[in-house]
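Biologist: Please take me through one part of this model closely. I would like to see how a single helix sits in its surroundings, and then what else stands out along the chain.

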Amino acid sequence: MLRTHYAGGLKETDLGREVRIAGWVEDVRILGSLLFVTVRDVSGKAQVVFNRKEVENALFSRAKNVPRQSSVVIKGIVQESRAKELRVEIKANDLQVVSEAIHPLPLDPTGRVPTSIDLRLDSRAIDLRNPKNAAVFKIRHKVLQSTRNLLNQMGFTEVSTSRIIGQAAEGGANLFSLDYFGDKAYLAQSPQLYKEQLTLALDRVFEIGNFFRAEKSNTRKHLSEFVSVDIEAAFADENDVMQIAENLIAGVFKQVNESCVEELKLLGHRIQEPNTPFESLNYGDAIEELRREGINITYGQDLTDSMLRVLGKLHRGFFWIVNWPSSLKPFYIEVRNDKPEISRGFDLQYGYLEIASGGMRVSSKTTLIRRLGEAGLEAKSFTDHLKIFDWGVPPHSGWAIGLDRLMMVLTGKKNIREVVLFPRDRYRLTP
RNA sequence: GCCCGAGUGGUGUAGCGGCUAGCAUGCGAGCCUGUCACGCUCGCGACCCGGGUUCGAGUCCCGGCUCGGGCGCCA
């Protein structure tokens with residue numbers, strides 16, 4: 001064991017105890033015969049003191065000359081600190097440099113000098129030594145964990161469907177294609193059809209996975225690879241799954257608030273558990289509101305980014321947009337019985353940001369074939385999917401939450417790249 | 001893909017026709033026994049690339065590349 005304690009975990013109860021910590025050197029300050037080394041690890045930092053008069057020359061100069069950000073193991077006795085903000089520190093009797101950092105480093109992970117996001121992403125591993133940047137991913141971990149727990153409690157079974165698919169159907173976004181032993185294959189943009197098929201036997205399923213979209217987007221909220229939280233529930237309608245989304249999101253907010261106090265403080269970001277149910281806005285009313293704001297839009301047009309920005313100012317926090325024209329929703333979304341021109345799909349917004357979309361699905365084969373036609377797609381290329389509708393597919397509903405976008409809300413970050421470890425966008429394929 | 005803006009030491013920036021190209025941080029050398037973004041002294045290190053205008057170009061013009069913002073595209 002290189003390490004007996006974490007740097008951030010030293011307490012007064014450790015006074016007098018010999019400990020070993022392992023981390024990286026954040027700072028070296030020398031005052032005559034006294035040498036202060038700040039050592040950080042994932043848990044926080046500890047101050048280490050070397051006294052020239054009490055330790056060997058070799059050790060003192062090794063400590064004095066260790067390049068910052070090098071990995072070190074330090075042994076010493078915990079003593080009371082005279083530092084203003086510290087209770088305890090380590091009076092060192094050994095320091096081993098286990099891996100030296102070569103200077104100049106591409107950025108300063110202590111955050112004394114800011115670094116542009118682009119450069120930070122080029123050096124992501126060391127960028128995460130900055131606790132503010134690491135905090136984002138500790139929160140992300142908590143979000144994933146709570147999402148799994150909450151969906152599990154709601155009776156969902158977690159599944160993993162394939163990312164490599166043979167049909168580029170579905171319309172909408174462009175897919176990345178690849179060579180599959182001489183056949184053309186594609187990277188999935190969504191588990192949509194698979195998760196619908198699974199409701200036939202597994203009833204309620206969810207999947208958290210990476211999906212791909214070959215759009216040449218150049219924005220702060222789009223990536224070529226993103227993480228989607230998908231659910232699909234048998235014998236459920238759109239209202240049922242909207243409620244599930246509300247409970248899930250409120251639950252995630254609550255748990256992040258409870259267990260990520262330090263991380264949120266580091267980010268200087270506050271979150272408030274949203275009240276449920278969320279506000280619900282009819283598409284038609286949204287159009288009216290936009291027209292009142294002087295925006296030139298007519299019923300039936302899709303809402304553009306700038307329109308969503310306006311709506312986001314009028315409706316703070318989470319809100320649903322419902323009762324969309326059927327023509328604006330994908331073929332697998334059910335339409336209303338009384339008014340087939342109105343869809344049973346919904347979008348979830350957080351201000352201007354689209355967080356999720358979903359709806360009641362079509363479960364009648366003839367309706368689905370008709371809807372495919374209306375969407376300009378060929379039923380022929382959906383043979384594998386269509387056949388399940390002969391096998392007693394239950395009525396079902398579901399949605400997909402963009403996890404990265406939800407992370408933007410939870411961390412207050414304005415650029416989606418901040419909340420993804422190694423983002424892939426139009427111009428970035430590495431590291 | 002379109003529009004706008006920006007590229008200056010490792011990092012973040014100031015300068016916008018003639019400067020020994022300034023500052024912060026970093027790095028190197030030195031002084032200091034309680035620092036804590038320690039302090040102080042000295043030093044190191046930079047004008048994105050290619051054309052053009054001009055006596056003279058980080059500075060102005062054109063093109064390229066890269067980045068940022070907005071738009072568009074977008075299960």
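Modeller: Here is a close look at helix 5, followed by the rest of the chain.

This is a predicted model. Start with helix 5, which covers residues 192-202. Which of its residues are buried? They are Q192, L193, K195, E196 and T199. Note that K195 and E196 are in that buried set.

What do these buried residues pack against? Two of the partners are strand 10 (204-212) and strand 11 (225-234). The others are helix 11 (383-386) and strand 16 (396-402). Just after helix 5 comes D203, with a positive phi of about 70 degrees.

Now step back to the setting. Chain A holds 12 helices and 16 strands. Of its 431 residues, 48% are buried. Take the contacts between residues at least 6 apart in sequence: 64% of them join residues at least 24 apart. The C-alpha atoms occupy a box of roughly 90 × 55 × 40 Å along the principal axes.

Other backbone features deserve a look. Q69 has a positive phi too, near 80 degrees, and is not a glycine. Q69 sits in the loop between helix 1 (57-65) and strand 4 (71-80). Its relative accessibility is 5%, so Q69 counts as buried. N323 is another non-glycine residue with positive phi, near 55 degrees. Its loop runs between strand 13 (318-322) and strand 14 (345-350). N323 counts as partly exposed because its relative accessible area is 24%.

Two peptide bonds before proline are cis. One runs from H103 to P104, with omega near 0 degrees. P104 belongs to the loop between strand 5 (88-99) and helix 2 (117-122). The other joins T430 and P431, with omega of about -5 degrees. P431 lies in the segment after helix 12.

K414 is also in the segment after helix 12 (403-411). Its relative accessibility is 53%, so K414 counts as exposed. K414 joins R220, R309, K313 and R316 in a patch of positive charge on the surface.

Finally, the charges and surface of the whole chain. Chain A carries 59 positive and 55 negative side chains. The centres of these two sets are 7 Å apart. The accessible surface of chain A is about 21500 Å², and carbon and sulfur atoms account for 49% of that.

Terms used. Residues are numbered from 1 along each chain as its sequence is written. Chains are lettered from A and ligands numbered from 1 in the order in which they are written. Side-chain values use heavy atoms; hydrogens and water are left out. Patches are made of residues with over 30% relative accessible area and no salt bridge: like charges are joined within 9 Å, nonpolar side chains (Val, Leu, Ile, Met, Phe, Trp, Tyr) within 5 Å. Accessible areas come from the Shrake-Rupley method with a 1.4 Å probe; for residues, only the protein chains shown count as cover. A salt bridge is a side-chain nitrogen of Lys or Arg within 4 Å of a carboxyl oxygen of Asp or Glu. Lys and Arg count as positive and Asp and Glu as negative; His and the chain ends are not counted. The place of a charge is taken as NZ of Lys, CZ of Arg, CG of Asp or CD of Glu. Helices (H or I, at least four residues) and strands (E, at least two) are DSSP runs, numbered from the N terminus. Buried means under 20% relative accessible area, exposed over 50%, partly exposed in between (1.4 Å probe, protein chains only). Contact means heavy atoms within 4.5 Å.
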